[in-house]
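Q: Please take a close look at one helix of this model, and put it in the context of the rest of the chain.

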Amino acid sequence: MAQTNSAHEQLCARCGRCCYKKIIVGRSVLITPFPCEHLDTDTNLCTIYYRRHELNGLCLSIEEGMKLSAFPAGCPYVDAKAPPGYRPARDDWDWAAEWDGFDELADDLDVSAKVRAIVRKRGPYAPPMWVETNARRQREVARACSSCTSRDLVRAERMGCTQESGAQKPAPATCVQQQPGSTDVFAPRSRREHIRGTISQSGDPS
């Protein structure tokens with residue numbers, strides 16, 4: 001039986017990692033600290049979800065993302081849909097070692113001035129924003145469901161059940177749905193060699 005769109009979207013864990021810009025270095029795809037301009041980093045929700053492919057032509061479908069290794073290890077889409085030999089995107093690269101090339105990388109990825117300023121202000125040693133968002137959400141879910149099983153916690157977390165009363169927390173008006181089934185832009189092919197040369201100074205991550 002074909003998977004319905006609703007069931008398909010329930011695979012999304014809302015970790016946000018696939019919505020950060022990526023580059024290809026050697027045989028590896030690296031997740032950069034720069035989120036897509038349309039990602040609400042406080043919720044890991046897409047602000048243009050229903051029109052994402054119309055408004056962001058570089059937003060990839062699940063199928064396209066799988067072909068390009070855009071999804072990281074631990075992503076439910078990888079577990080359910082990755083082809084044999086799939087190489088997950090890496091989210092463990094030490095970007096502090098590359099901070100001198102911050103503007104060059106941001107230019108190559110067409111990062112907006114607003115996002116660039118946010119990431120720069122956080123500094124080279126700050127964890128990616130998705131790390132902090134996921135940690136906060138996990139704490140909120142734990143408070144809301146202190147006696148729940150692990151399965152209950154996952155279900156509640158996906159529902160947005162983050163208030164201590166256990167009531168469902170509505171999604172923000174600009175983020176009316178999860179961010180399933182898409183991932184953000186890779187550096188254009190014409191720029192990858194340049195980026196690879198910059199990053200490989202610290203060693204080939206492959």
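What is the mean pLDDT of the protein, and which residues of α7 are buried?

A: The model is predicted, so local features need pLDDT of at least 70 and side-chain atom pairs count only at pLDDT 80 or more, while totals for chains, interfaces and linings use all residues. Residues are numbered from 1 along each chain as its sequence is written, and side-chain values use heavy atoms, with hydrogens and water left out.

The mean pLDDT (the predictor's confidence in each residue, from 0 to 100) is 76, and 66% of the residues reach 70 or more. Among the elements (DSSP runs numbered from the N terminus: helices are H or I, at least four residues; strands are E, at least two), α6 has the highest mean pLDDT, 96, and α9 (residues 189-199) the lowest, 39.

Helix α7 has 16 residues, with an expected span (1.5 Å times one less than the number of residues) of 22 Å; its end C-alpha atoms are 23 Å apart, which agrees. Its buried residues (under 20% relative accessible area, 1.4 Å probe, protein chains only) are Met129, Trp130, Thr133, Asn134, Arg137, Glu140, Val141 and Ala144. They fall within an arc of 125° (taken from the directions from the helix axis to the C-beta atoms), so they line one face of α7.

Helix α7 (129-144) is also one of the elements that give two or more residues to the largest nonpolar core, a set of buried Ala, Val, Leu, Ile, Met, Phe, Trp, Tyr and Cys residues joined through side-chain atoms within 4.5 Å. Of the 33 residues in this core, Ile23, Phe34, Met66, Phe71 and Tyr77 touch the most other members. Tyr77 lies in α4 and is buried, with a relative accessible area of 3%.

Conventions:
Buried means under 20% relative accessible area, exposed over 50%, partly exposed in between (1.4 Å probe, protein chains only).
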